[in-house]
Amino acid sequence: MRQDSAEYQTVEPSDENCYPDGSFRQPESGSADAGEEVEPIWFHTHFEDSMEMYADAETVAKHLNNHKTWFCQCASPMKAEPLGENGYDLLIGRFGAFGYRVEARIGLELLPPDAEGCYLIKTIPVPDYTSPGYEVDFRSAMKLMEVPSQEFAADWPSSERAKLPPAITITSWKLDLAVGVCFPKFIRSMSQPLIEKTGDALLEKIIKQVNRRLTYKTQVVFHESLGIPFPKNPKKH
């Protein structure tokens, strides 16, 4: 984190400041006062969403399991680098409030599906990296559900329904995210409820923005890589 101004104003994320422009690098200064042990203030959010993949569940699962062919591409404009067999070093971008910014960088592991077909994603350490004044606990679970196209698109116009394959796959996920930040003294002196409310709201907005971009790119890359038509869902337009 670094101080951008002395004014205690919330800084909302935007397309301009959410995403990095190059290599990983730490902020210019730490968030807490030098030589002082500071307990992090924790912010939490729970998020759920889904997307349609216009193919059967087996085809979708095969694509998702081969994440090395699509994850880094779909994560752009975030910076993602492979980390071991199933992990990624992900630089999400710079965000902040009250005149401070934090550059969010985390390690994520995309675990293979378990016996029930559930895909888990969790945080992992990034080698030779110590986060400057924050901690992240990322826990996500994703499942696939195959649905007959005629059932899924029962209220679509017949001309659009005719373009669909026999089955589509609905990919749904749940995310529980906690972020702990070690703020400098002038922020810690502020109202704790105000800090928590502002942090929770900012965290939720970041997740929604990143999720929207990542979901759309994942859909596009999946359908284009397999040469599968990607029709617009009339219910969403």
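1. The side chains of K68 and E85 come together in a salt bridge, with 3.8 Å from N to O, in what is, it should be said at the outset, a predicted model. K68 belongs to the loop between helix 1 (57–65) and helix 2 (71–75), while E85 belongs to the loop between strand 4 (79–83) and strand 5 (87–97), so the pair ties together parts that are 17 residues apart in sequence. Both K68 and E85 are exposed.

2. The count of salt bridges comes to 5, and two others can be described alongside the pair above. D137 forms a salt bridge with R139, where the closest N and O atoms are 3.2 Å apart; D137 counts as partly exposed because its relative accessibility is 29%, whereas R139, at 54% relative accessibility, counts as exposed. E160 forms a salt bridge with K163, and here the closest N and O atoms are 3.2 Å apart. With a relative accessible area of 22%, E160 is partly exposed, while K163, with a relative accessible area of 51%, is exposed.

3. Turning to the interior, the largest nonpolar core has 48 residues, and those with the most contacts inside it are F43, F71, L90, I92, L177, F183 and I195. Helix 6 gives the most to this core, contributing 8 residues. Apart from it lies another core, of 8 residues, which includes F152, A153, W156 and I168. As general background, nonpolar side chains in soluble globular proteins tend to be buried together.

4. L90, listed among the residues with the most contacts inside the largest core, deserves a separate look. When its neighbours within four places in sequence are left aside, L90 is in contact with A75, M78, K79, A80, A104, R105, I106 and L108. One of these contacts, R105, also has its charged end over the ring of Y129, 4.2 Å from the centre of that ring.

5. On aromatic residues, the structure holds 5 aromatic pairs, and W70, F71 and Y88 form one aromatic cluster. F71 thus appears twice in this note, since it is also among the residues with the most contacts inside the largest nonpolar core.

6. Helix 6 (residues 192–226) has 35 residues and reaches 50 Å from its first C-alpha to its last, which is close to the 51 Å expected at 1.5 Å a residue. Just after helix 6 comes G227, which takes a positive phi of about 65 degrees.

Key
Residues numbered from 1 in each chain as written. Predicted model: local features only at pLDDT ≥ 70, side-chain atom pairs only at ≥ 80, totals over all residues. Heavy atoms only, no water. Phe/Tyr/Trp six-rings, centres within 6.5 Å; stacked < 30°, edge-to-face > 60°. Lys NZ or Arg CZ within 6 Å of the ring centre and 35° of its normal. Helix = DSSP H or I, 4+ residues; strand = E, 2+ residues; numbered from the N terminus. Expected span 1.5 Å × (residues − 1). Core = buried A, V, L, I, M, F, W, Y, C linked by side-chain atoms within 4.5 Å. Buried < 20%, exposed > 50% of the residue type's maximum accessible area, 1.4 Å probe, protein only. Contact = heavy atoms within 4.5 Å. Salt bridge = Lys/Arg side-chain N within 4 Å of Asp/Glu carboxyl O.
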